Number of protein chains: 2
Amino acid sequence: MATVIDGKAISQTIRSQIANEVRLLSQKYGKVPGLAVVAVGITKDSPRYVEMKRKACTELGIKCLVVELPEQVSEAEVINQVHDLNANPHVHGILIQLPLPKHINEENVLTEISLEKDVDGFHSLNIGKLAMKGREPLRLPCTPKAFLELLERSGVGIKGKRAVVVGRSNIVGLPASLVLLKADATVTIVHSHTSQLENIIREADIVIAAAGQPMMIKGSWIKPGAAVIDFGNNAVDDPTKKSGYRLVGDVDFEEASKIAGWITPVPGGVGPMTITMLLKYTVEGAKRYIEKNN
Amino acid sequence: MATVIDGKAISQTIRSQIANEVRLLSQKYGKVPGLAVVAVGITKDSPRYVEMKRKACTELGIKCLVVELPEQVSEAEVINQVHDLNANPHVHGILIQLPLPKHINEENVLTEISLEKDVDGFHSLNIGKLAMKGREPLRLPCTPKAFLELLERSGVGIKGKRAVVVGRSNIVGLPASLVLLKADATVTIVHSHTSQLENIIREADIVIAAAGQPMMIKGSWIKPGAAVIDFGNNAVDDPTKKSGYRLVGDVDFEEASKIAGWITPVPGGVGPMTITMLLKYTVEGAKRYIEKNN
């Protein structure tokens with residue numbers, strides 16, 4: 001049976017360290033770190049994601065400013081909002097809830113976030129530095145930072161391992177691939193145009209599942225002893241639940257946990273860790289800003 | 001036997017089109033496109049690379065400004081030089097001959113090139129846009145652009161194919177991987193920390209060899225019918241030659257050409273095509289600049 005990597009417990013440990021940092025900043029400077037979350041329109045999952053961030057901020061003493069904009073808002077108005085937040089001294093991290101509605105160009109908006117406040121790490125300049133050897137991004141994007149922390153704390157090495165990243169989204173798959181490559185893994189990126197997916201995944205010592213397909217990766221696709229990181233966060237109907245749904249990953253957890261060496265559960269795996277990294281970056285940014293401007 | 005992709009002949013076709021463009025610009029505006037090549041210190045291969053570029057420019061009527069700086073020059077002086085070239089209206093493309101001496105930070109220099117004149121396409125912002133879905137770089141870096149053109153003109157499709165990139169340099173391996181991924185290949189990047197290299201390469205429909213190791217990829221590693229693109233450009237001793245050396249690729253051409261479906265030779269494969277793309281970008285840049293400022 002696989003070791004289940006408890007992202008929730010590891011998150012709690014890190015969050016209590018962050019809460020300490022927040023207290024110290026407050027005692028020393030009387031200042032509170034602030035995170036702005038910009039949500040445009042309402043998608044299926046966005047209220048849940050925004051609420052998780054708001055709640056996590058509150059627990060740690062971080063001010064969370066949620067900016068909700070209607071679906072029909074223009075790109076220019078979103079960019080204006082970003083400029084206001086860039087200039088706001090009480091905001092140290094800016095997160096744009098993705099995806100944005102189709103009429104708004106994601107890159108145009110993300111590029112306007114000041115690099116210092118880009119706590120997601122998705123600015124093109126940051127990604128370019130992440131991709132190239134000998135260049136250092138200001139920070140790793142939250143998603144790969146989350147699983148790197150989990151692997152490290154679980155004693156799973158990356159160097160020289162075969163890693164397969166399932167999905168190539170800007171939010172998870174692509175930055176995960178770049179980070180694994182920089183950590184000296186042999187990286188394969190598979191996606192909707194890949195044939196014989198199972199055979200490729202079966203060779204992986206490390207599987208990063210980020211396809212957004214409920215339980216698509218079966219237990220029999222996993223190499224015995226592999227580390228399986230599941231970024232899937234899919235709501236599936238479940239009439240036995242009060243909410244009417246339950247969350248499942250991209251991996252069939254029940255099957256895979258019998259074969260893998262390590263596995264992250266959904267919920268309680270990379271989800272809380274990704275938010276924890278966001279909070280960590282926000283507080284680090286606040287610290288840099290407050291110490292510089294005090 | 002493999003179809004040998006004649007990069008030299010394909011280059012000639014494209015270069016005569018570029019020469020035409022240069023003539024038109026000269027007739028219409030009395031202006032000549034200019035490429036600046038900055039070479040710091042002398043490495044084993046750099047004089048040969050610089051000379052190839054100078055010769056190619058001259059043949060097409062492009063002005064080539066070679067800036068040779070001594071090995072001991074400071075980073076600040078190189079950056080000053082870049083600023084001068086950015087401001088120079090007769091220069092439409094700036095190429096820094098890589099690698100730079102160790103005391104100079106490559107990124108610090110490349111970041112200073114204005115995006116419009118970055119004909120190599122290695123600016124972090126350009127690479128970040130190349131990496132991310134839905135974002136478009138100003139131009140593809142010359143090296144992947146070169147092999148994309150060769151594959152396309154040879155009728156080799158990329159979508160859904162297994163591609164293996166051998167090497168992860170900033171100049172070839174990394175941008176090649178990103179471009180293949182954007183073209184919907186399933187991409188694996190292998191490097192010095194990869195074990196069982198042969199087995200991975202044997203699964204590739206497309207092999208991009210960019211390891212800088214003379215003839216390291218053997219014929220028996222190639223999947224029958226695969227397309228093999230060889231970026232190797234290694235000088236090996238050869239007393240039968242007047243120069244005392246000959247150029248070989250990273251692939252054992254004699255063996256591999258019996259098994260592959262398509263293969264690029266060394267010399268005469270991607271080498272001339274990469275320079276051709278550089279010339280093409282320079283003339284495109286010149287055209288944009290001249291038409292805007294006339």
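Okay, let's start where the two chains meet: across the interface of chain B and chain A, the rule finds 6 salt bridges. Keep in mind as you look that this is a predicted model. One of those bridges links B:E107 to A:K129, and their closest N and O atoms sit 2.7 Å apart. Polar contacts turn up here too: 21 residue pairs make one across this interface, with both residues at pLDDT 80 or more.

So which parts of chain B supply at least two residues each to the side that touches chain A? They're α4 (106-110), α5 (124-131), α7 (173-182) and β6 (186-190). The one that gives the most is α5(B), with 6 residues. And if you sort that whole side of chain B by residue type, you get 14 nonpolar, 12 polar and 11 charged.

Now, how big is this contact? People have a usual way to put a number on that: the size of an interface is often given as the accessible area lost when the parts come together. Here, the area buried between chain B and chain A is about 3300 Å², and carbon and sulfur atoms give 55% of it. Counting residues instead, 37 from chain B and 37 from chain A take part.

Next, the strands. Find β6 in chain A, residues 186-190, and you'll see that 3 bridges join this strand to β6(B), with the two running antiparallel. If you want a pair to look for on screen, take A:V187, whose bridge partner in β6(B) is B:I189.

Let's zoom in on one residue, A:E107. You'll find it in helix α4 of chain A, which covers residues 106-110. Is A:E107 buried or exposed? Its relative accessible area is 8%, so A:E107 counts as buried, the cut-off being under 20%. And what does A:E107 touch, leaving out residues up to four places away in sequence? In its own chain there's A:S124, and from the other chain come B:K129, B:G134, B:R135 and B:E136. With A:S124 there is also a polar contact, side chain to side chain, at 3.5 Å.

Last stop, B:G271. This glycine is in helix α10 of chain B, residues 270-292. With a relative accessible area of 38%, B:G271 is partly exposed, because that value falls between the 20% and 50% cut-offs. One distance to go with it: the C-alpha atoms of B:G271 and B:A39 are 18 Å apart, and the two residues are separated by 232 residues along the chain.

That's my tour, thanks for listening!

Technical notes: Residues numbered from 1 in each chain as written. Chains lettered and ligands numbered in written order. Predicted model: local features only at pLDDT ≥ 70, side-chain atom pairs only at ≥ 80, totals over all residues. Heavy atoms only, no water. Helix = DSSP H or I, 4+ residues; strand = E, 2+ residues; numbered from the N terminus. Buried < 20%, exposed > 50% of the residue type's maximum accessible area, 1.4 Å probe, protein only. Contact = heavy atoms within 4.5 Å. Buried area = accessible area lost by both parts, 1.4 Å probe. Salt bridge = Lys/Arg side-chain N within 4 Å of Asp/Glu carboxyl O. Polar contact = N/O pair within 3.5 Å; in protein donor to acceptor, adjacent residues only side chain to side chain. Nonpolar A, V, L, I, M, F, W, Y, C, P; charged D, E, K, R; others polar. Pairing = 2+ DSSP bridges.
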